[in-house]
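Hi,

Here is the structure I promised to hand over. Have a look at it first, and then read on for what turned up.

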Amino acid sequence: MQHVSDAIESNVRYYCRSFPADFSRARGSYMWDTTGRQYIDLFSGAGALNYGHNPPEIKQQLLDYIAADGIVHGLDLRTEAKNSFLSDFSSLILSPKQLEYRLMFPGPTGTNAVEAALKLARKVTGRANVACFTNGFHGMSLGALATTGSRRKRRGAGAPLSLGDRYPYDNYFGATIDTIDLISTLLRDPSSGFDPPAAFLVETVQGEGGAIAASFEWLKQLAGLATEHGSLLIVDDIQAGCGRTGHFLSFEPAGIYPDVVCLSKSISGFGLPMSLLLIKPRHDVFDPGEHNGTFRGHNLAFVAGRAALAYWRDPGFLRALDQNIALLDEWLSALVERLPRGAAEVRGRGLLRGLAFADDRLATIVARKAFQRDIIIEVSGSRDDVLKFLPALNIPSATLIEALGRLEEIIELECLTTAGDVETLQRRAS
Ligand SMILES: *Cc1c(COP(=O)(O)O)cnc(C)c1O
């Protein structure tokens, strides 16, 4: 009999094709399907579940809130839940880092945050064009899509996508070409055809692009370029933020202070839809209601998001996070050492890591075989050539080690068989 999803759901469905199980329950880094089969989740809802599935501390607060008939939907009314989220975000995240930002709640998805940020930058600068980068991903609505690299995704728009000026990301042409120099040259030449943009929209680690991390130096220089040309610096921290790189905000170690920051995915801590913008006070120029929406700031997400912030003052959580980062890092380096030279390259930062295979086909093959061995792991990158590691930040190390052990066997075998002979791989890599 045909599956109800195949019979009724739109052809656009995507992840369920890679992971064709009927999931019913989940806890921490484990998911179970309706037959009781247990999976280890190294995908974490594309980074929307940084604290794992149904983290008990957050769940309890949600249950208590609903049981007490707390306000669930409130447009952008002042609610106790929102007030508490705002004060904790300010005292736990902003103040300790000496960041001064206003919080704006657009519609609940990441692409909403990006649209709002672009609109704001245009209003602040009076310019329409926005600088964006090769391999960047910013969402699926028209404005965000115009700044997204992937041709496959842009093609779906069916309308002209304009106003995105594409520049090469850090290292795009390899280590010998400094892309900041290149961008700077173009922008300083009044006849280059490139105009100073309303904003530079950038991910510090490109998630969908294949876990490509920009260097801190590059990010610093980009911030300088934005200042020089009167453009806003917008960091899209939707995937790399909320602790994914080991810092709550991914740009912290780069020592930059973006004008606008987009957060979504894990900001509610529980997989509830929520997104927000951090805006430097002087750029907070929308008129009341100028960017409206029915679901701006959902109170369940405020309750959960506030409970999630508490992890960031828990030494046990922070220690586990550091340990997981080190564990994954060491495993990736050791694995690549053992593979044929040039067969794979390690990418990313923190717990947003990738294994880019010289043979484009391998990442998908490995992910498919991993699913057969009860591991949920996704691919990303221009050609789906990168196996992407997004474990929960607090995955127990024993669980992580078990999953990596299974992956190691699959990868070692596939690198030697599927990719054919070692010489082919080395030739491609050189
Ligand atoms: C996921 C993502 C988005 C889009 O978020 P949605 O909630 O899917 O609209 C935007 N930018 C980045 C960097 C993302 O990873």
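Let's start with a pair of charged residues: Asp 259 and Lys 280 are both buried, where buried means under 20% relative accessible area, exposed over 50%, and partly exposed in between (1.4 Å probe, protein chains only). The two form a salt bridge, with their closest N and O atoms 3.6 Å apart; the term stands for a side-chain nitrogen of Lys or Arg within 4 Å of a carboxyl oxygen of Asp or Glu. Asp 259 sits in the loop between strand 10 (232-236) and strand 11 (260-263), and Lys 280 in the loop between strand 12 (276-279) and helix 11 (299-309), so the pair ties together parts that are 21 residues apart in sequence. Helices (H or I, at least four residues) and strands (E, at least two) are DSSP runs, numbered from the N terminus.

Before going further, a word on the source: this is a predicted model, in which local features need pLDDT of at least 70 and side-chain atom pairs count only at pLDDT 80 or more, while totals for chains, interfaces and linings use all residues. Residues are numbered from 1 along each chain as its sequence is written, and side-chain values use heavy atoms, with hydrogens and water left out.

Back to the salt bridges: the count comes to 21. One of them joins Asp 6 and Arg 13, with the closest N and O atoms 2.8 Å apart. Here Asp 6 is partly exposed at 42% relative accessible area, while Arg 13 is buried at 12%.

Helix 14 has one too, between the side chains of Arg 406 and Glu 402 (2.3 Å, N to O). These residues are four apart in that helix, about one turn. Arg 406 is buried, with a relative accessible area of 18%, and Glu 402 is partly exposed at 40%.

Which other residues of helix 14 are buried? Among them are Leu 400, Leu 404, Leu 407 and Ile 411. The buried residues cover an arc of only 165 degrees around the axis (taken from the directions from the helix axis to the C-beta atoms), which puts them on the same side of helix 14. On the other side, Ala 398, Leu 413 and Leu 416 are exposed.

Last one: Asn 324, in helix 12 (residues 315-338), is buried at 2% relative accessibility. Leaving aside neighbours within four places in sequence, Asn 324 is in contact (heavy atoms within 4.5 Å) with residues including Leu 351, Asn 394 and Leu 400.

Cheers
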